[in-house]
Amino acid sequence: MNGLKIIKLNTSDQELIEAALKNKRSAQKKIFDRYAPKMLAVCRRYISDSYLAEEVMLQSFMKVFTNLENFEHKGSFEGWIRRITVNNCISYLRKKEKLVYTDSFVDLEVEEEETFEEFEMEYLQKIIDELPEGYKTVFMLYAMEDYKHKEISEMLGISESTSKSQLFKARKTLKSKLQTLKTKSYETR
């Protein structure tokens, strides 16, 4: 065949994992390049400072590569990386003592689910960043990562009622800030 080399453009996760387990740097780089942008976005949701979020993301990939042999191929590889990344974010916040929870009882009346589609994601992230870390972490785990309160309470070492209270307070705060924004935008028209 005239010496033409056929290049495989789309390498599957399985092939990359196998190559990375053999310490092939090119496979590790492909895994990193494929998933780092998504995992940086995950870190950024939990950690307001972009530089610190990037640092936590890099540490997460170090854990991914050192624990790659533990990936059991149950569920998606991306999901496994994401779980490591979320846990690393929580560990970072715990170390920095930024996770503070209030145990005060709040009457958790059931509200309609909020929809935030009318707001730009960048602005929503800015408002979420302004939440106290405890509220923000529970909100992100529940709303973005789809964890249940029982799982959140186990991850964070808090009671389920504290998890529910933090979520309620986060939603209430977000709703208030977004309502203020709506009011201001209508006044300027």
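## From a buried ring to the core and its charged pairs

Phe 61 is buried, since its relative accessible area is 2%, and a residue counts as buried when that value is under 20%. This is a predicted model, and Phe 61 offers a convenient place from which to begin reading it.

The ring of Phe 61 takes part in two pairings that can be followed in turn. With Phe 65 it forms an aromatic pair described as tilted, the centres lying 6.1 Å apart and the planes meeting at 40°; both of these residues belong to helix α3, where they are 4 residues apart, or about one turn of the helix. The structure holds 6 aromatic pairs, and another of them joins Phe 61 to Phe 32, with ring centres 5.0 Å apart and planes at 70°, so this pair is edge-to-face. Here the partners come from distant parts of the chain, because Phe 32 sits in helix α2 and Phe 61 in helix α3, with their positions 29 residues apart in the numbering, and the angle of 70° is what makes the pair edge-to-face. Phe 32 is partly exposed, at 25% relative accessibility. Elsewhere, Tyr 35, Phe 71, Phe 77 and Trp 80 come together as one aromatic cluster.

Phe 77 leads on to the interior of the model, for it is among the residues with the most contacts inside the largest nonpolar core, together with Tyr 46, Ile 81 and Leu 141. That core has 47 residues, and the elements that each give two or more residues to it are α1, α2, α3, α4, α5, α6, α7 and α8. The largest share, 9 residues, comes from α4. In soluble globular proteins, nonpolar side chains tend to be buried together. To see how one member of the core is surrounded, the reader can look at Leu 141, which, leaving aside neighbours within four places in sequence, is in contact with Tyr 46, Val 86, Ile 90, Asp 146, Tyr 147, Ile 152, Met 155 and Leu 156.

Polar residues can be buried too, as Gln 125 in helix α5 shows with its relative accessible area of 10%. Not counting residues up to four places away in sequence, Gln 125 touches Arg 44 and Arg 45. Arg 44 in turn belongs to a network of salt bridges that also links Asp 129 and Lys 136. The side chains of Asp 129 and Lys 136 meet at 3.0 Å, N to O, and both residues are buried.

A search of the whole structure finds 9 salt bridges, and two further examples have other surroundings. Lys 29 and Asp 33 form one in which the closest N and O atoms are 2.6 Å apart; because they are 4 residues apart in helix α2, about one helical turn separates them. Asp 33 is partly exposed, with a relative accessible area of 43%. Glu 72 and Lys 74 form another, at 3.5 Å, N to O, and both of these residues are exposed.

Between Glu 72 and Lys 74 in the numbering comes His 73, which lies in the loop between α3 and α4 and is partly exposed at 44% relative accessibility. Although His 73 and Gln 14 are 59 residues apart in sequence, their C-alpha atoms are 8.7 Å apart in space, and a polar contact of 3.1 Å joins their side chains. Apart from neighbours within four places in sequence, His 73 is in contact with Gln 14 and Ile 17.

Technical notes
Residues are numbered from 1 along each chain as its sequence is written. This is a predicted model: local features need pLDDT of at least 70, side-chain atom pairs count only at pLDDT 80 or more; totals for chains, interfaces and linings use all residues. Side-chain values use heavy atoms; hydrogens and water are left out. A nonpolar core is a set of buried Ala, Val, Leu, Ile, Met, Phe, Trp, Tyr and Cys residues joined through side-chain atoms within 4.5 Å. Buried means under 20% relative accessible area, exposed over 50%, partly exposed in between (1.4 Å probe, protein chains only). Contact means heavy atoms within 4.5 Å. A polar contact is a pair of N or O atoms within 3.5 Å; within protein, one must be able to donate a hydrogen and the other to accept it, and residues adjacent in sequence count only if both atoms are side-chain atoms. A salt bridge is a side-chain nitrogen of Lys or Arg within 4 Å of a carboxyl oxygen of Asp or Glu. Rings of Phe, Tyr and Trp (its six-membered ring) pair if their centres lie within 6.5 Å; planes under 30 degrees apart count as stacked, over 60 as edge-to-face and the rest as tilted.
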